[in-house]
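Open your viewer, set it to show side chains, and follow along. We will go from one selection to the next and look at what is there.

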Amino acid sequence: MFKDDARTATAEMRAVFPATPLLRNDLLSARYDADIWLKREDLSPVRSYKLRGAFNAMRKVIPGQSVFVCASAGNHAQGVAFMCRHFGVRGVIFMPVTTPQQKVQKTRMFGGDAVEVRLIGDYFDDTLASAQAFCAQEGAHFLSPFDDEDVIEGQASVAVEIEEQLGRVPDRIVLPVGGGGLSSGVYSYFGGATQYTFVEPSGAKSLAAAVEAGRPTEVKKVNTFVDGAAVATIGVRTFDRLRGISRSDVIDLSEDRICTTILEMLNVEGIVLEPAGALSIEALGDLRDEIRGKTVVCVASGGNFDFERLPEVKERALRYSGVKKYFILRLPQRPGALKDFLSLLGPNDDIARFEYLKKSARNFGSVLIGIETSAPENFTDFFARLDAGGFAYTDITNNETVAQFVI
């Protein structure tokens, strides 16, 4: 029944937008000795899969409902806006005041005169409460980003298209997980016909927490860097559909590590991915032995990347790769001390950050230094030279508390 409904939803979508491409990636296929395909949801009209669920949920209540509401700071808002314009219905979209202007402008662009954007609250919980209060007052229809059976059914259209485009079910499918709408839809469609890897950011392991507890469980502290998958609690309905999965099928990746894939896909393949969109591709590194010789589909869930974030993404990627480090150097306050330090740098070591203020009446001063090099092992030799030279230093590269203030 679910498969039939998902196929019907997919067929209905064709009047609105074409199927997103399923493309074999030669770079990844050669690297992992496997047949790697990317389901390019970044190439949908709103650069993410979110318009699928919005379309399916809206078509099922129109014409009985003419006002739709959502709370979102990203892709869900854009998908709802696009569909409000398509169906000619009114949309009221609540977004946090802190939402980047790029996302606000794109939501207005996709919705046109059909939508009204209301910026309310510094935090999403406040935004959501305002949206739900508006629904209660106006009798509008609230469109959940994931915890809705019609939304789940709509997201399952990704699986329908994969099967049609590949001509069969892949050996494994790798899915990013936030609230669970996409993953539960695909899992419900393919069932036991394939193997799964569900990928979460390390700062928002809501699916892992739910599997371990046997129920949706709130992650107390969420890192919002991977904004498309940074969900504190997986949906009740989505988890009901995912309940049978094994804990070993759920992995998490650090936010810094994800940045390495964003950069590589951009620089080598010319593919623009948001952090959540890179999750499934970066996960291949953890699956190398399991996928050799197999056909694997990675769902690239979205490409709504604000290029103002690129310097931060590059910074995180370099730190994760071990070719950039920050440390506090205790430098003697005497003539020639800085020259002595500089003489210890290797031929491939480059100073990327240097902050020092000479203080009177002190024998030593503290220097914040950032160094980039060509290979991680260069730092082993560099620190050995520092030790031999009698310099005192503290590596703060992975000290997140310090890093957020000085890096």
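**A tour of the aromatic rings**

Start by selecting Phe 391: this residue is buried, with a relative accessible area of 12%. Keep in mind that you are looking at a predicted model.

Next, add Phe 341, which is buried too, with a relative accessible area of 0%. Phe 341 and Phe 391 make an edge-to-face aromatic pair, with 6.2 Å from centre to centre and 70° between the planes. Now turn on the cartoon. Phe 341 belongs to helix H16 (residues 337-342), while Phe 391 is in the loop between helix H17 (378-388) and strand S14 (392-395), so this pair ties together parts that are 50 residues apart in sequence.

Widen the selection to Phe 327, Phe 341, Phe 379, Phe 382, Phe 383, Phe 391 and Tyr 393: ring pairs link these residues into a cluster. While Phe 379 is on screen, add Lys 325, which lies over the face of that ring at 5.8 Å from its centre.

For another charge over a ring, go to Phe 225 and Arg 316. The charged end of Arg 316 sits over the Phe 225 ring, 4.2 Å from the ring centre.

How many aromatic pairs are there in the count? The total comes to 16. One to select now is Tyr 189 with Phe 190: the ring centres are 5.4 Å apart and the planes are at 70°, so the pair is edge-to-face. Both Tyr 189 and Phe 190 are buried.

Finally, zoom out and colour by domain: domain 1 (1-48 + 148-313), domain 2 (66-139) and domain 3 (325-406). Between the C-alpha centres of domain 1 and domain 3 the distance is 41 Å.

Notes: Residues numbered from 1 in each chain as written. Predicted model: local features only at pLDDT ≥ 70, side-chain atom pairs only at ≥ 80, totals over all residues. Heavy atoms only, no water. Domains from an automatic or database assignment. Phe/Tyr/Trp six-rings, centres within 6.5 Å; stacked < 30°, edge-to-face > 60°. Buried < 20%, exposed > 50% of the residue type's maximum accessible area, 1.4 Å probe, protein only. Helix = DSSP H or I, 4+ residues; strand = E, 2+ residues; numbered from the N terminus. Lys NZ or Arg CZ within 6 Å of the ring centre and 35° of its normal.
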